[in-house]
Amino acid sequence: MNNKELPRKEASRAAMTWRSPLALLRDALRGQRAREKELRNLVSNLPYEGLEKGKQPNRHFPGNAIKTTKYTLLLFIPMNLFEQFHRLANIYFVGLAILNFVPVVNAFQPEVALIPICIIMALTALKDAWEDFRRYQSDRKLNNTPCLIYSRKEKQFMERRWKDVRVGDFVKVFCNEIVPADLLLLHTSDPNGVCHIETANLDGETNLKQRRAMSGLCISDPEFKPESFDSLVVCERPNNNLNHFKCYAEKPDKEKVGAGIESLLLRGCTVRNTDTAVGFVVYAGHETKSMLNNNGPRYKRSKLERKLNIDVIFCVILLFAMCLVGSLGHFVWLQKQPGVPPYLVADSNGHLDSPGLSAFYMFFTMIILLQVLIPISLYVSIELVKIGQIFFIANDIDLYDEETDSRVQCKALNITEDLGQIEYIFSDKTGTLTENKMVFRRCSIMGTEYAHKENGNPLHCAILFKQNELMQHLSLLFIVILHVFIYMHIQPAPVAPKRNRIFSEDSVIEEDHFNPPVKTEGSGAISGLQTCSLHAPSQDGKPATTSDNLSYEAESPDEAALVYAAKAYGFTLMGRTPNSVTVSLPSGKELVFEVLDTLAFDSVRKRMSILVRHPITKEYVLYSKGADYAIMELLEHLCGKQKSIAADTQRHLDCYAREGLRTLCFTKKVVSEKEYESWSVNRQRALAAMENREELTMDTAVQLETNLSLLGATGIEDRLQEGVPDTIVALREAGIQVWVLTGDKPETAVNIGYACRLLEEEDLLACTSILDCALEEVRRYSNDPRNVDTTPDISLVIDGRTLTMALSSDLQERFVDLAKHCRTVLCCRVTPLQKSRVVKVVREKLKVMTLAIGDGANDVNMIQAADIGIGISGQEGMQAVMASDFAISHFKHLKKLLLVHGHWCYTRLANMIIYFFYKNVAYVNLLFWYQFFCGFSGTAMIDYWLMIFFNLFFTSVPPIMFGIMDKDISAEMLLGVPELYRMGQGAGEYNFKTFWISMLDAFYQSLVCFFIPYIAYRDSDIDVFTFGTPLNTISLFTILLHLSIEIKAWTVVHWVIILGSVAIFFIVTLAYSGTCITCNPPSNPYWILQTQMADPMFYLICVITTVVALLPRVVFITDSYAVCILSSIRQCVCLRGVLWSSVSPGTKKQQHLFGTFYLVYVAFSCLLSCL
Amino acid sequence: MVKQEQEIASRPDNTAFTQQRLPAWQPMLSAGIVIPGFVLIGLAFIGIGVALFVTSQSITVMELDYTGVERTSPCFRCSDPNVKNCVCQLDFSIASLFKGPVFFYYGLTNYFQNYRRYGVSKDDDQLSGDLDSFTSPSDTCSPYEYDSNNKPIVPCGSVANSMFNDTFKLYQIVNGTKKQVPFDGKGIAWWTDYNVKYRNPSVTPLRDAFNGTVKPLFWPRPAYELDPSDPANNGFINQDFLVWMRRAALPDFRKLYRRITEGDYAQGLPAGNYSLEIAYNYPVLSFDGRKKVVLSNVSWMGGKNEFLGIAYLVIGSLCIVMSIIMLIVYAKFKFPEEE
């Protein structure tokens, strides 16, 4: 029925009355304005159902159909070409190919010159087309997913497709279905109006989030009636913030009801544990938050690539120099001709160009001839290599975490090699160095300190005081935890979530006290040791939930730790709904607190509060929890007892911090009814505000959080992750500076610093707030002659407030200067913004490669500021992971990721790039040297097709394989000797020197490869291509053997590819010269290789030339190896013939020794040139 | 059970390839390998070098320059470009038997047959006997495409046009009388050129195919009359033409003219006086070139080539020397055992 109806509707729409173009234009402009406006007014579509499009109120907003494809079928070729020509290299090569069509300058047959660039661009286009087709398929699948939209005519929800959803529709979603658009939740099957969603598709967080329906906008009793929706929904312009949404609904009577993210179902989320939910579409299609967040992979440019571009410019300069030589040479050569020789060809008028003009043309001919000097396939090869490298990183089983079933994720595809060059690491503490699995350790209640034994095993928990008092005290404390739970009561699941992980979130929290806290205040000292035996809460009347299988999930792990601890003492949180908290007491009695409001945590206040009505006293009580410094300043005027409690508690807090525990303070405040009511009005107003809602709600929170009375404090242990100290020591040895940036107190941070061996016992600790003095001190220390040889063991601990000053523009220099002298820096109590500023300052001032690692939302700034951002997928959600370039599951994985993969990726890529430059220069120079013997006329002695094949097929795969698979040093060695990592730091292996050395080597080799055959064939009857064939063959062998020398570990793949390349060369060349008789005029390679291969001279020349060309390199490498042995540096000995001079103190000796061989080398070159 | 499998769904494959643990051979360019390697290479090279050198020594080469730029030269008269149909005679003597078979080359210096625009100036289709290209030659042949009357030139292009056209006759002076040394002009070009690449159009007689075309400007006779003595050696498969069309790679080159393999001279040129009669046609003054005749016998390694033998000897010795130096250096520094 549906299907029949649809076409009819469309037909009617098509038959829409004609409208003047002006009206259309006006409408389009209005639509544009409506979309751009800060606030959008949306109304229900239902009253307008069936009307033509021009009358629809929400017609200006895009529909729900999405299109993520870049191209359309018809425009694919022009658009893709346009896209590809954004690359400078492509323009360069196409420009040269076009230049070749100009008759006066062409060097080859014009069509042939187009082949390489066409092949490269065709390959890229194919790849793009395939990717786009996949996107098209997934779009189509998504757009055609069925969903339910309410229809007024049918008075029920009708099945439609996702693409039919429009803004202003009412959409119904069932449990486990995916939400088709951003919906304002209006109704759920849950009596409390609650709906759970899983946002794994959006941010990877697999926990459930609660959404609450906006109530009172529609009749929903007994059945939900969308027709009754008559409000105007005003919402903000679409943005990509997944955790933020502002809107209000204005009822016809002008009453405004505010709503935020807690009422928004996001497109792409899955509805869980809720039978049905109905929502009003506020954003559709590309305006949904999930689509706005979908930015594709991140693009960063790696350091290596930046250097590479400089070298490409060098190559361009070299190319121009060579072309200039060619052009001048041609000029001189023409000038020297006494007459008009028979081989000088005039143009069709029988007229010869003047030498000057010819030389000018020749310059361009030379550019075409020698263009390969700029490696055309380098960029493509680098991309391929990086794909291969990422494949290997992602597949490393050592970086796989079984617990969470997660591999390392590589989100940035093009900075793998930066992993091998890191000099500074900025690490978060909580969740990064530590597990972020909190264990309740100690608490201080009303100034008295208690310890809690491991994991709250109820039978063995030794408590230092009477049970009764304990109960009272604990209850005081634990009531505060009420607001802890984000996590709600998930009904004994009708449908188990499909996730791998099992949630057993039967219910939440809670604790309570039977006596009003006021009365307990006076209770006295601890009388003795007593084992508290706790019993499970009674189960009478509540068979559904037993306390044994209760498990909680909380927004922050601290809170979970507190709830579990409370449970261990019998105060079990039995239930938590938005409006109430049910707690069972050790006695079995259950108390239900009415929750009046929660004042959520924010990083400015650094505390959170909950306002409840006490079930027994009926008082309004505000409980607050927060960082000690955020609480202490809000205590009511202290006097007598209170004062001493505060002092004791502070003492305990200090002591906890020294032990590395995380501290929290708890307070309560009784609010009078009058006060509450007036405050509550403000609060409602703030919540409904469109502008500055955050600030306003925060202000209301601050209003209430005054004159608190201190209850106590807790100390929660956050254990170090496994392998953290080892990793830090290894990273240190690898020459990486590790800084820790944390929001914790200095004491805690220092303690953790010692625990993870960031700080050593003998370190000089400069805890400073006076920058200048510290700097002076440190300078004096390091300038002290006695300390010259000792590595500076100075560590800096700096807190947020000082850091703000230190980072101000006039002090930055000095701060960085000071930090440079320090072995490590701990920044405490820093805000997320400061974290990223520290990273930026160090990165910019010291010009070093930085890496930031963190796990929480507060690390996102820092992760994005660093050269490489690493996210740890841990307890605190996935925001850090989403922002990161690489995501790992444990800090210890950093060791292998950097020391092994980083090193490999870097050396592989660096060597491959150097090799690529070398290869092209060595090959192209053969052509250049030949110009000296053909009147600089731009002749190529190698058939052009074979030249193309040479670069595209014969010699392209081996370097790519080299870039993906070579292992200069084994993984065990790299992990065992972290110093090896230093090879990549700073200038690294790919630097000015190595580049030019390989360039020189390329020149040398090309000289040898050209001149030995030249001398051998001098004065003979050799013809052009017969002369070129051995040159081509020699080049192939030299280039492949050169690579073979560079390859440090030969696996089957290496053998197959190297030998395969040689085989392909001979097969293709033989086949080509066996079949091409007149296929490639005017050059004629027919039967040339066959003839040559029948001549023993060919082999003799090939052998000696190859040997001579490679001799210096072999000698050099052997020599370096010898030096390594001689200087008996540990690393060197281990190094299996790797040239590594940058760090070793034996460099001098090496140079000396090398000198010996250098003389031989020079003598030998002289000899050659004499011949 | 099922759940367990799910839980490790994204566990990477633990294979040698994905874990980069493929068994690998790690060649060490350590002294232990390099020194013996150098010695071996050195010895092998010295062996090859000796063989090459000895072979090269056994080859005799005789070069006779007949450019005629010097006044004393018998061909001085002919070197003036204005003199037509000039014949000059060059006398020389051979002291001992010039072992056969003797190859007779002509040589040119400073002649850039590899000049790019010269090299492309031909029409391969025409040369493979395609009659369509006879009437409309490829424009690569320009300016030797059509003559001034707009008739197509066959064979077109610079390469063909500039064909070398000196001819030689060799006489032995026996008792004051000239005895002509017979030349063998067969098979001096590449077999593939003669049989595959260059074809005459299948028209008999051959001259009919050339109707409506003109000979190259520089040529005295049309292509179908290149060799009056042997009708089969005409057109595009004329041996001299094929030799010329195979462009020399370097500006100083020689090209095979004839072989001396017949009659009394099959064993070589006996000692005695000889006279070379040259029909001097080809101008070389315009490019400062020189013309010469080269007589040479060949071995398995082709013509005389001392360089290669010496190069092998030098590199071989160098390898030996370097291995010795290395040995000394290592011994001096008492390198520790390699772990």
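Helices (H or I, at least four residues) and strands (E, at least two) are DSSP runs, numbered from the N terminus. The model is a predicted one, in which local features need pLDDT of at least 70, side-chain atom pairs count only at pLDDT 80 or more, and totals for chains, interfaces and linings use all residues, while side-chain values use heavy atoms, with hydrogens and water left out. Residues are numbered from 1 along each chain as its sequence is written, and chains are lettered from A and ligands numbered from 1 in the order in which they are written.

**Exercise 1. Locate the cis peptide bonds described here for chain B, and a residue with positive phi.**

Solution. Begin with Pro205(B), which sits in the loop between α7 and α8 (206-209) of chain B; the bond that joins Thr204(B) to Pro205(B) is cis, with omega about -10°. Then turn to the loop between α5 (131-135) and α6 (158-161) of chain B, where Pro155(B) has its place, and note that Val154(B) and Pro155(B) are also joined by a cis peptide bond, with omega about -10°. The loop between α5 and α6 of chain B also holds Asn150(B), whose phi is near 65°, a positive value in a residue other than glycine.

**Exercise 2. Describe the extent and the make-up of the interface between chain B and chain A.**

Solution. Start with the residues: taking contact to mean heavy atoms within 4.5 Å, 89 residues of chain B are in contact with 100 residues of chain A. Next consider the area, since the size of an interface is often given as the accessible area lost when the parts come together. Buried area is the accessible area (1.4 Å probe) that two parts lose on being put together, summed over both, and between chain B and chain A about 8,500 Å² is buried, of which carbon and sulfur atoms give 67%. Gln20(B), Arg116(B) and Phe307(B) supply 10% of the area that chain B buries against chain A, more than any other three residues.

Then look at the polar links. With a salt bridge taken as a side-chain nitrogen of Lys or Arg within 4 Å of a carboxyl oxygen of Asp or Glu, the rule finds 2 salt bridges across the interface of chain B and chain A. In a salt bridge between Arg246(B) and Asp1023(A), the N to O distance is 3.1 Å.

Finally, assign the surface of chain B to its elements. Those that give two or more residues to the side of chain B that touches chain A include α2 (31-57), β7 (253-260) and α10 (306-333) of chain B, and α10(B) gives the largest share, 13 residues. This side of chain B divides into 51 nonpolar, 18 polar and 20 charged residues, where Ala, Val, Leu, Ile, Met, Phe, Trp, Tyr, Cys and Pro count as nonpolar, Asp, Glu, Lys and Arg as charged, and the others, Gly among them, as polar.

**Exercise 3. Work out the strand order of the 9-strand sheet in chain A, and find a salt bridge that links two of its strands.**

Solution. Two strands pair if DSSP finds at least two bridges between them. The open sheet of 9 strands has the order β17-β16-β26-β25-β24-β23-β22-β21-β20 in chain A, with antiparallel pairing. Its edges are β17 (448-451) and β20 (572-577) of chain A, each of which has a single partner strand, so one side of each is left without a neighbour in the sheet.

Within this sheet, β16 (residues 434-445) and β26 (residues 709-720) of chain A run antiparallel and are joined by 8 bridges, and Phe440(A) stands opposite Ile716(A) in β26(A). A salt bridge also joins Glu717(A) to Arg441(A), with the closest N and O atoms 2.8 Å apart. This pair links distant parts of the chain, as Glu717(A) is in strand β26 and Arg441(A) in strand β16 of chain A, 276 residues apart.

**Exercise 4. Identify the bridge partners of Ile278(B) in the strands that pair with β9(B).**

Solution. First take strand β2 (residues 86-94) of chain B, which runs antiparallel to strand β9 (residues 272-280) of chain B and is joined to it by 9 bridges; here Cys88(B) stands opposite Ile278(B). Then take strand β5 (residues 167-174) of chain B, which pairs with β9(B) in the antiparallel sense over 7 bridges, and in which Phe168(B) has Ile278(B) as its bridge partner.
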